[in-house]
Amino acid sequence: MNHSISLTVNGARRDFVLDDPRVTLLDLLRERLHLTGTKKGCDRGQCGACTILVDGKRINSCLALAISHDGADILTIEGVARGDQLHPVQAAFIAHDGFQCGFCTPGQIMSAIGMMQEAQAGNDPERIRECMSGNLCRCGAYAGIVDAVLDAQGQMDESNQRRSA
Amino acid sequence: MKSFDYVRPATVAEAVAAAAQPGAAYLAAGTNLLDLMKGGVSRPDRLVDVTHLDGLDAIETLADGSLRIGALVSNADLAHDPAFAKSYPAVAEALLSGASAQLRNAATVGGNLLQRTRCAYFYDTASRCNKREAGSGCDARDGENRTHAVLGWSENCIATHPSDFCVPLVALDAMVEIEGKGGRREIALDELHRLPGNTPARESVLEPGDLIVAVRLPPAARAFAAHARYLKVRERTSYAFAVVSAAAALRIEGGKITEARLALGGVAAKPWRARAAEDVLRGVAPTADVFQEAAWRALTDAKPSGDNAFKIELARRIVVRALTLAAAGTPARLPALPASPFASTSGAIHA
């Protein structure tokens, strides 16, 4: 039986016909939309490489059935830059060597963006490490990742202060 | 993953009817179920998706002072609700000590209660497991079993229930609201999960079609807010299941404990309420000696199910430390590492 669903992906509405309900959001993004920035690492919710934002919240897209998320608003790594202008978290990862091989990086960046919106960690490195524990980095770039998130968080705090001043 | 039919009911009544069919399973976030389906451990013929049902995602205070938490509230939304965290700090701490931020954003209250064991033999379809396939045997019994149960286990199954959330909930007398074929009913959370006995495949008292619609905390549960902690030892500091955990909640007046609540996690097939230990604590001053006595009472019936005798002594020490931390007072803000014995603000005290 076919199922029709529609999603908003990086700001654009996309309609799909699913001939099988087993498709995850991760596979839909990669195989149907060819948005391969979202990575398939473990495919079991353990590594965080598939992290995307769904309705503003970071989740593991490998453990989400696409059919169950009919109507959802999805943001992937392909949707965070504005043209050639990188998202501040992307720029901070480059500035602080927040990666080596880069496979976990899209998930790390989406997780960091989600974490900053959750506003639970602030600029406390220990809380950032805890709040990012769902993203594994086999190269061990954690020190750079934490520095990058701290930097991006600082920039966001500054721009918020400027806006409220 | 085995193929399945997908059903999206419009009402709770439709959901119950659809899920009462043989081979049906409810789908909420699916953070545990999809993992099990990918591994061939769970093989439902039909998924009944409850995530689009209305009215199951509210946190509301009822007229009698109870708190009612809809089954579809996410673990993260509940833990980060300021009023909830203030009134039930040990529950918030337990939630934030579980899984990862991504999983907590998706995983639901109802799903957390019904998550399956993390026993490796349950997950490995090449192994014998009485829980996965009734009557096939238990390879955990003579296998790698250092994290398995020390309370309430049987020769047929030594698996543990992995939830953190359930541990303080059971300590606080949480109730579970269930919609079933016969209408609405409610049971104590303490009665939801079954011990394995001879039928480890039957993990709860739920009947086919039964849907958890809410969890309720009674008015008395908020009286422990000033002295409530969750403490969890795991193999790594974050994003790991409990080896042993404890929720301790005290009411202290005039230097004496007027009421105590204690429950253990990671030790049995259900969240383990330690009522005998609570009795020892009532009406006495909160001292190290009385906490030791409570810890001994809590583990009186414990026995190793394999290479896990260490968990009994570990559980005693976790109980003492959780009680000590609870007596010292709930911190104004949760530590950076929730429930961790290594948290810098946990007041590192060795039992």
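**Two chains, their strands and their contacts**

Me: In the hairpin formed by β1(A) and β2(A), two residues lie between the strands, and N10(A) takes a positive phi near 50°. What makes β1(A) and β2(A) a pair?

Reply: Strands (DSSP runs of E, at least two residues) and helices (runs of H or I, at least four) are numbered from the N terminus, and two strands pair if DSSP finds at least two bridges between them. Strand β1 (residues 3–9) of chain A and β2(A) have seven bridges and run in the antiparallel sense, so the criterion of at least two bridges is met. Within this pairing, V9(A) stands opposite A12(A) in β2(A).

This is a predicted model, in which local features need pLDDT of at least 70 and side-chain atom pairs count only at pLDDT 80 or more, while totals for chains, interfaces and linings use all residues. Residues are numbered from 1 along each chain as its sequence is written, and chains are lettered from A and ligands numbered from 1 in the order in which they are written.

Me: Why is strand β2 of chain A said to lie largely in the open?

Reply: A residue is buried if 20 or more other C-beta atoms, placed from the backbone, lie within 10 Å of its own, exposed if 12 or fewer do, and partly exposed in between. Of the seven residues of β2 (residues 12–18) of chain A, the number that reach the buried class is zero, and therefore the strand lies largely in the open. For chain A as a whole, 42% of the 165 residues count as buried, and in chain B buried residues make up 53% of the 351.

Me: What makes chain A as compact as a globular protein of its length?

Reply: Chain A has five helices and five strands, in the order β-β-α-β-β-β-α-α-α-α. Its radius of gyration (over C-alpha atoms, set against a globule rule of 2.2 Å times the number of residues to the power 0.38) is 16 Å, close to the 15 Å that the rule gives for 165 residues, so chain A is as compact as a globular protein of that length.

Me: How is the same conclusion reached for chain B?

Reply: Chain B, with 12 helices and 12 strands, has a radius of gyration of 20 Å, close to the 20 Å that the rule gives for 351 residues, so the same description applies to chain B. Its C-alpha atoms fill a box of roughly 60 × 50 × 35 Å along the principal axes.

Me: What makes a residue of chain B part of the contact with chain A, and how many residues does each chain give?

Reply: Two residues are in contact if their C-beta atoms, placed from the backbone, lie within 7 Å, and the contact takes 23 residues from chain B and 28 residues from chain A. On the side of chain B, α2 (33–38) and α6 (101–106) are the elements that give two or more residues, with the largest share, five residues, coming from α6(B). That side has 11 nonpolar residues (Ala, Val, Leu, Ile, Met, Phe, Trp, Tyr, Cys and Pro), three charged (Asp, Glu, Lys and Arg) and nine polar (the others, Gly among them).

Me: How do you know where the domains of chain A lie?

Reply: The bounds come from an automatic or database domain assignment, which gives domain 1 (3–79) and domain 2 (88–159) of chain A. Their centres, taken over C-alpha atoms, are separated by 22 Å, and the contact takes 14 residues from domain 1 and 13 residues from domain 2.
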